[in-house]
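Q: Please take a close look at the sheet in this structure. How is it put together, and what packs against it?

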Amino acid sequence: MDSYFLVGNLDVDRLLSEWRWLCPQSVALVARSAFGDLFLRDEAGKIFKLDIAIGQILEVATSETDFRDLAYTKEKREQWFAESDELAAMERGLNPNQDQCVAFKTPIIFAEAGTPNNAEQVPFLGDLHRQISQLPDGSKVQFRIQE
């Protein structure tokens, strides 16, 4: 549980470089999940979860104290940190260190993502979500690789 809050070695500006379209305000990194979701504190002290799988940022607590207290409940550990999924990933040998996260080869926003053992490191989700953020759910997309 305490590992979620060991984020002092992470550079929030680097992590948010492709997410500034969604999170332009000044924030501090408070915690992270094993799947790369970020918990951010704004200047007013509110805590937000940047859910990188679905490309959304949502307020989860009005203060860092409330967030930390809630994070110790089983319900919130499951909701915010996907604790049972993290344990399942660890059983399959996916045990990221403090500088890594577990992500999907095919982002879960795509129908094709439902394949078993579909996890690895993915650095491009912020830009991907920005590009499709205005499309209706269920839209078909086509990838074009550019240098």
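A: **The sheet and its helices**

In this predicted model, four strands make up an open sheet. Their order is 1-2-3-4, and they pair in antiparallel fashion. Strand 1 (27–32) and strand 4 (56–61) are the edge strands, and each of them pairs on one side only. From one strand to the next, the twist averages 35°. As a general point, strands of a sheet pair through backbone hydrogen bonds, either parallel or antiparallel.

Start at one edge. Strand 1 is joined to strand 2 (residues 38–42) by five bridges. These two strands run antiparallel. One pair of bridge partners is Val-27 and Asp-42, with Asp-42 in strand 2.

Now add a helix. Helix 2 (residues 64–71) lies across strand 1, strand 2, strand 3 (47–51) and strand 4. Helix 2 runs at about 10° to strand 1.

Helix 2 also meets another helix. The axes of helix 2 and helix 3 (residues 74–81) come within 7 Å. They cross at roughly 105°. Angles of 65 to 115 degrees count as roughly perpendicular, so helix 2 and helix 3 are roughly perpendicular to each other.

Which residues make this contact? Helix 2 supplies Phe-67, Leu-70 and Ala-71. Helix 3 supplies Lys-76, Arg-77, Trp-80 and Phe-81. Five of the contact residues are nonpolar, two are charged and none is polar. The charged ones are Lys-76 and Arg-77 of helix 3.

Notes:
Residues numbered from 1 in each chain as written. Predicted model: local features only at pLDDT ≥ 70, side-chain atom pairs only at ≥ 80, totals over all residues. Heavy atoms only, no water. Pairing = 2+ DSSP bridges. Axes fitted to C-alpha atoms, helices over the stretch in contact; angles between N-to-C directions. Contact = heavy atoms within 4.5 Å. Parallel < 35°, antiparallel > 145°, perpendicular 65-115°, else oblique.
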